[in-house]
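User: Please go through this model with me, one question at a time. I would like the terms defined as they come up.

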Amino acid sequence: MTTHSETKTLPYTAQQMYDLVADVEDYPKFLPWCAAARVRSVTPEGNASVMLADLVISFKVFREKFGSRVTLFPEDMRIDTEYLDGPFRYLKSNWAFHDIEGGCEVSFFVDFEFKNTMLQRIIGLVFNEAMQRIVRAFERRAKELYG
């Protein structure tokens with residue numbers, strides 16, 4: 001099991017950050033190691049929308065596609081992701097956004113494990129750095145869009 005959680009205060013609105021994270025199709029423009037993204041479908045489900053999406057992750061010789069079920073809760077400013085298929089044994093992530101004075105608080109959590117034990121060991125060595133780079137990429141993108 002590999003987990004990472006982080007909470008940041010950013011000078012943007014919760015709505016802006018929610019919109020940025022929910023825009024999965026734009027991930028290849030700014031996320032490290034994200035080579036491609038495709039939204040298969042978006043279906044309303046009560047107060048949420050469920051997006052089925054594929055991401056292609058490319059890192060050195062490793063290139064894998066995986067599918068996710070992304071549940072968007074616009075009223076709660078929350079995004080939950082569950083793994084559907086690909087190289088993971090499991091993957092779950094959560095984003096939460098809260099307006100505060102002067103900006104918003106962004107909370108991110110991810111928990112995953114690769115099926116391939118060797119790949120899991122390799123990722124384990126650089127995991128925290130990789131997760132921090134991903135979070136920083138969202139911060140830079142927000143600055144480009146809103147800043």
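**Pocket, cavity and sheet**

Analyst: The largest pocket holds about 770 Å³ of space. This is a predicted model, in which local features need pLDDT of at least 70 and side-chain atom pairs count only at pLDDT 80 or more, while totals for chains, interfaces and linings use all residues. Residues are numbered from 1 along each chain as its sequence is written, and side-chain values use heavy atoms, with hydrogens and water left out.

User: Which element gives the most to the lining of the largest pocket?

Analyst: A pocket is an open set of points on a 1 Å grid over the protein atoms alone, with protein on both sides within 12 Å along at least five of seven lines; a cavity is a set where a 1.4 Å probe fits but cannot get out, and lining residues have an atom within 4 Å of a point. The pocket lining has 36 residues, of which I57, F66, L91, M131 and I134 lie nearest the centre. Two or more residues come from each of β3, β4, β5, β6, β7 and α3 (helices, H or I, of at least four residues and strands, E, of at least two are DSSP runs numbered from the N terminus). With nine residues, the top contributor is α3.

User: How many nonpolar, polar and charged residues line the largest cavity?

Analyst: The structure holds one cavity of 30 Å³ or more, with a volume of about 70 Å³ (the space filled by probe spheres set on grid points, which are joined across faces, edges and corners). Its lining includes E6, K8, W95, F108 and E139, and β1 (2-10), β7 (103-114) and α3 (117-146) each give two or more residues. Ala, Val, Leu, Ile, Met, Phe, Trp, Tyr, Cys and Pro count as nonpolar, Asp, Glu, Lys and Arg as charged, and the others, Gly among them, as polar. The lining thus divides into seven nonpolar, one polar and three charged residues.

User: Which strands stand at the edges of the sheet?

Analyst: Seven strands form an open, antiparallel sheet in the order β1-β7-β6-β5-β4-β3-β2, where two strands pair if DSSP finds at least two bridges between them. Each edge strand has a single partner, so one side of each is left without a neighbour in the sheet; these strands are β1 and β2 (34-45).

User: Which residue in β7 stands opposite D99?

Analyst: Strand β6 (residues 88-100) runs antiparallel to β7, and twelve bridges join the two. Opposite D99 stands C104.

User: At what angle does helix α1 run to β6?

Analyst: Helix α1 (residues 14-22) lies across β1, β3 (48-59), β4, β5 (78-85), β6 and β7. Axes are lines fitted to C-alpha atoms, for helices over the stretch in contact (heavy atoms within 4.5 Å), and angles run from 0 to 180 degrees between N-to-C directions. For α1 against β6 the angle is about 160°.

User: Is T71 buried or exposed?

Analyst: T71 lies in strand β4 (residues 62-73). Beyond its neighbours within four places in sequence, T71 is in contact with A48, S49, V50, R78, I79 and D80. Buried means under 20% relative accessible area, exposed over 50%, and partly exposed in between (1.4 Å probe, protein chains only). At 9%, T71 is buried.

User: What is the phi of M77?

Analyst: M77 sits in the loop between β4 and β5, and counts as buried at 15% relative accessibility. M77 is not a glycine, yet its phi is positive, at about 55°.
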